[in-house]
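Reader: I am new to this structure. Please take me closely through one part of it, the contacts between side chains, and then add what belongs beside them.

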Amino acid sequence: MINLLKQLRVLKILICCLVILILVKETVGQKLLHDPELLHGKLQNGLSYYIKPYNKPEKIVELRLIVNVGSLSEEDSEQGFAHFVEHMCFNGTKNFPNNEVINYLESKGMRFGKHFNAYTSFAETVYQLSIPVSEDSALLSTGFQILEDWAHQVTFDDREIEKERGVILQELRTGQGAEQRLRNQYYPALFRGARYQYRLPIGKKEILETFSPDELRNFYKKWYRPELMSVIVVGDTDPHYTEKMVHKYFGNIEASSSRKMPQVYPVSDNDSSLFVICTDNEATKELVRIYFLDEPKNILTLADFRESIIEELIKGMINRRFQEINQGSDSPFIYSMASIGDLVRTKDAFTYTANAKNGMSIQAIKRLFTENRRLELHGLTKSELELEKKFLINQYKDKENEKTESKKIVKQLVNDILREKQVFDPSEINQLAIKTIPEISIAEVNNVLSTWISKKPIITLSLPDSMLTPDLEVGKLVNTYQEIKRSSPEKYVGKQINTDLKVAIKDEGEIINIKKNKKYGVTEWYLSNGAKIVLMPTNYKNDEILFTGLSLGGYSQYADKDFISALLAFRVAYMGGIADLSFTEIRNISKMNKVRLTPWMNEFMEGTKGSCNTNSLEFLLKLNYLYFNKLVADSVSAESYISRFGGQLTSIKNEPEQALVDTLLKVLYGSDSRKLKKSDPEEFSKFNVTRANQIIKERFADPSDFTFIIIGNFDLDTIRPLIKKYIGGLKGYETNDKIIKQKYFKINSSKEITLYAGETQKSQVQICYYGKLPSDLKSRSTATILTEILKVKLRNALREEKSGIYGISVGSSFDDIPENYFRFDIGFGCSTGAVDTLTAEVNRQIALIKENGPDKESMEKIKTVLTREFESNTKKNRFWQQVLTDIYRLNRNIDIEIGEYLNCISNVSQEQVQKMAIENLNDNKKVTIKMYPKRLAQSPD
């Protein structure tokens with residue numbers, strides 16, 4: 001009887017275990033829920049659509065047209081066609097001939113590149129519109145009309161095709177250089193004959209130069225078909241109204257009779273380890289990559305989701321190890337990291353990437369091999385996992401709380417649709433992640449890690465020709481790899497991390513005066529130690545506070561002999577940590593508390609800057625207090641910083657573009673200018689730790705000349721005791737730093753320079769006007785409008801009419817301290833034969849502005865753009881952080897800077913812009929640099 005009862009109990013336990021196993025299996029295989037707010041459908045012609053109502057930001061609708069065709073679908077004679085078609089969509093459609101689509105959108109306050117754009121990849125072409133629906137109720141309809149035109153009504157005018165050839169050939173030319181030449185060397189190992197190796201979206205020069213317009217039209221007809229298209233709408237609009245718009249504009253597109261579908265091109269697995277060494281004379285980095293390839297994964301079930309979370313944890317833990325290595329004085333890395341994700345659509349990759357210090361490629365390779373071997377033998381640790389779990393849970397909680405903007409939502413949606421992934425309820429995903437993360441075991445983590453790093457790796461090394469040594473040859477690297485594969489490195493032991501900082505404050509400060517600006521919600525507190533606190537509570541983001549501390553001073557206070565010590569003082573000290581906490585420990589503690597804070601110093605200012613969430617302001621203020629009292633540079637962190645970043649600057653000198661930058665700085669500011677010295681690695685040897693620490697103390701000794709600006713989601717009563725304690729508790733003495741004026745520009749005339757640099761057959765032109773200009777709101781507004789008008793005029797003249805450039809940079813900058821200096825810069829790349837013609841065209845366009853002033857239409861376009869951007873920006877904490885920083889840095893008036901801005905922009909006249917151009921785009925104060933490839937330099941007689 002007793003035995004029978006025992007048998008029954010055992011049977012009962014077995015049944016319970018079986019039930020549990022079944023439940024676990026069902027749970028793991030459970031399908032995740034689709035996003036309930038996503039309206040998805042398919043038209044009779046095969047076009048799919050996805051609509052999601054979303055009102056952050058308000059009155060903005062994001063439109064996307066996905067064409068599931070890219071460069072992989074091109075025949076040998078069509079290379080570059082998919083990308084060329086994308087360009088032609090902006091060069092004439094049925095309803096918007098020539099460049100009218102650009103002109104129309106710009107007239108509505110939209111910027112080319114920012115609010116409307118497109119891109120072509122291996123397997124897709126995506127068109128983007130960001131529509132401001134508040135300004136014009138008909139604009140959304142027109143946005144749909146533009147998408148429809150792109151889908152099947154591009155005109156492909158012969159003249160427009162010929163004009164665009166020059167633009168795309170210049171884009172191809174712009175992309176040529178060291179990176180392109182290195183890529184050509186390692187792609188064969190990475191793709192091993194897969195089509196990705198031979199189908200870069202930019203195409204081939206000989207085909208782009210010679211194809212007929214009919215060939216391009218045929219490609220468009222062949223592949224731009226509704227069953228290969230998806231329309232995505234995310235934004236502040238009624239979904240059912242939007243669905244009707246989709247039917248209206250896309251329902252009448254004829255279904256295609258073609259049954260040809262884009263082919264899927266796999267990347268084969270490598271059966272053995274592959275090594276490739278790539279060199280180039282203009283390479284700027286010694287870059288090591290180790291790839292482990294695997295098939296792409298879709299997330300359909302809870303088990304799939306769980307594995308994706310495990311991969312996030314793995315990436316975070318390995319990168320934390322690398323952060324520790326990077327900071328060590330014996331580290332061979334400038335930086336190192338791990339990543340997991342798409343290599344291409346048909347292949348995922350787990351990748352180690354390391355930028356080696358100068359001449360330390362072999363040491364960097366050995367260290368990566370060793371760390372990977374350590375993971376193979378011992379895996380990751382439980383303590384690392386528990387720490388990373390806390391970080392990742394915090395991230396998902398932030399996602400749940402933050403006001404994510406529609407641009408981010410639509411980007412994820414595009415990615416999911418292109419990769420045929422399920423579109424899930426984002427709220428469910430966040431909650432599921434928060435629930436799942438604590439349940440993950442170290443055994444699961446190491447099992448997933450093992451499936452990645454047990455595969456045969458592909459190892460690539462890219463470096464300058466001059467850094468190729470006898471140790472760096474494939475045979476020796478294979479031997480090194482095999483030797484380390486047989487080694488037994490010790491198990492990793494991490495440090496225990498506390499989640500708080502120890503701060504001892506004897507006496508708090510008091511608030512002795514309060515000023516309020518009710519119009520803008522800004523409050524000023526004046527503390528007993530002289531510090532000023534500027535507070536602006538907002539609700540633009542649910543869980544964000546931005547913090548800035550600033551004071552006049554900077555490294556301008558120090559003589560040339562102390563310049564490098566002053567320049568690097570805060571950077572070196574920051575990298576060394578605080579008191580008995582290392583930089584890595586400070587980063588980990590800060591991340592745990594969702595805080596970022598950095599001490600800084602520039603030429604005329606010093607301070608701290610960072611951010612936190614609503615519950616971690618006290619931690620940020622503690623950290624700020626420690627930076628003011630405990631920040632110290634040491635020789636170990638100095639050696640580490642200088643070897644890492646000094647070496648990086650040495651490599652950058654290989655770039656032809658850097659020769660142009662250095663030349664311009666020498667001409668404007670003199671060959672002994674600090675602007676040159678701060679990027680000269682040879683100057684770094686002058687760093688003195690003792691002097692640096694004296695400078696840190698001097699700059700942070702006195703809180704009375706500091707202003708601390710706090711913006712975000714907080715209330716004044718809650719933070720009052722924190723401010724009194726952690727900022728009011730700073731002790732010091734009253735100082736009165738004055739800006740030390742030095743001669744700014746060392747040139748007082750015009751100059752034209754011809755420069756020869758680089759191997760690639762392309763040229764660069766840089767034009768710079770310089771001088772003095774008042775920095776009042778009216779002058780800055782007028783200069784801004786002049787800059788924006790010239791951006792459009794020069795783009796149209798040099799790109800659309802001359803077909804000579806791909807892009808052009810036009811910008812104006814003001815240096816208000818020590819005096820009101822300005823620079824106006826124009827830069828573009830082109831073919832060597834077009835330099836003089838295009839430079840002359842720039843000069844002609846500027847002369848036209850001087851002679852006739854800007855046209856009324858251009859003025860209205862730019863004013864609309866600037867008005868729209870201002871109204872959008874005033875709902876962002878980052879905007880107010882910059883505005884208030886400038887106001888208190890330069891002693892400006894908020895009622896003028898903000899209250900008068902739109903009126904000022906609106907009232908700028910054509911005559912004022914013309915006068916600005918005449919007085920400040922002065923041919924007598926102008927530097928022109930024309931850079932050609934080395935081969936065109938004349939040999940000395």
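Author: What follows goes from aromatic rings to charged pairs, then to the surface and the backbone.

This is a predicted model, in which local features need pLDDT of at least 70, side-chain atom pairs count only at pLDDT 80 or more, and totals for chains, interfaces and linings use all residues. Residues are numbered from 1 along each chain as its sequence is written, and side-chain values use heavy atoms, with hydrogens and water left out.

Start with the rings. A pair of aromatic rings is described by the distance of the centres and the angle of the planes. Here, rings of Phe, Tyr and Trp (its six-membered ring) pair if their centres lie within 6.5 Å; planes under 30 degrees apart count as stacked, over 60 as edge-to-face and the rest as tilted. The whole structure holds 47 aromatic pairs. One of them joins F81 and F219, edge-to-face, with 6.0 Å from centre to centre and 90 degrees between the planes. The two residues are 138 apart in the chain, F81 in helix α2 (residues 81–88) and F219 in helix α8 (residues 213–223), and the pair links these distant parts. Helices (H or I, at least four residues) and strands (E, at least two) are DSSP runs, numbered from the N terminus.

Is F81 buried or exposed? F81 counts as buried because its relative accessibility is 0%. F219 is also at 0% and counts as buried. Buried means under 20% relative accessible area, exposed over 50%, partly exposed in between (1.4 Å probe, protein chains only).

A second pair is F122 with Y196. Their ring centres are 5.0 Å apart and their planes stand at 80 degrees, so this pair is edge-to-face. The pair links distant parts of the chain, 74 residues apart: F122 in the loop between β4 (116–120) and β5 (125–132), Y196 in the loop between α6 (178–191) and α7 (205–210). F122 counts as buried at 14% relative accessibility. Y196 counts as buried at 2%. Elsewhere, F292, F322, F333, F350, Y352 and W452 form one aromatic cluster.

Now the charges. Side chains of opposite charge can pair when their charged atoms come close. A salt bridge is a side-chain nitrogen of Lys or Arg within 4 Å of a carboxyl oxygen of Asp or Glu. The whole structure has 61 salt bridges.

Helix α8 comes back here. K222 bridges to E78, with the closest N and O atoms 3.2 Å apart. K222 lies in helix α8 and E78 in the loop between β3 (60–67) and α2, so distant parts of the chain, 144 residues apart, are linked. K222 is partly exposed at 23%, whereas E78 is buried at 10%.

K205 and E209 pair within one helix. Their closest N and O atoms are 2.8 Å apart. Both lie in helix α7, 4 residues apart, about one turn of the helix. K205 is partly exposed at 40%, and E209 is partly exposed at 38%.

E819 and K772 meet in a salt bridge of 2.7 Å, N to O. E819 sits in the loop between β21 (808–815) and β22 (821–830) and K772 in strand β20 (residues 763–772), so the pair ties together parts 47 residues apart in sequence. E819 is partly exposed at 24%. There is also a network of salt bridges, which links R111, K114, E788, K791 and E869.

Next, the backbone. Most residues other than glycine have a negative phi, and most peptide bonds are trans. Where is the cis peptide bond placed? It joins K56 and P57, with omega about 0 degrees. P57 lies in the loop between β2 (48–53) and β3.

N98 has a positive phi, near 55 degrees, and is not a glycine. N98 lies in the loop between α2 and α3 (100–107), and is partly exposed at 40% relative accessibility. S803 likewise has a positive phi, about 55 degrees, without being a glycine. S803 is in the loop between α25 (777–801) and β21. At 13% relative accessibility, S803 counts as buried.

One more loop residue is I437, between α14 (426–436) and α15 (442–453). I437 counts as buried at 0%. The C-alpha atoms of I437 and K390 are separated by 8.8 Å, and the two residues are 47 apart along the chain.
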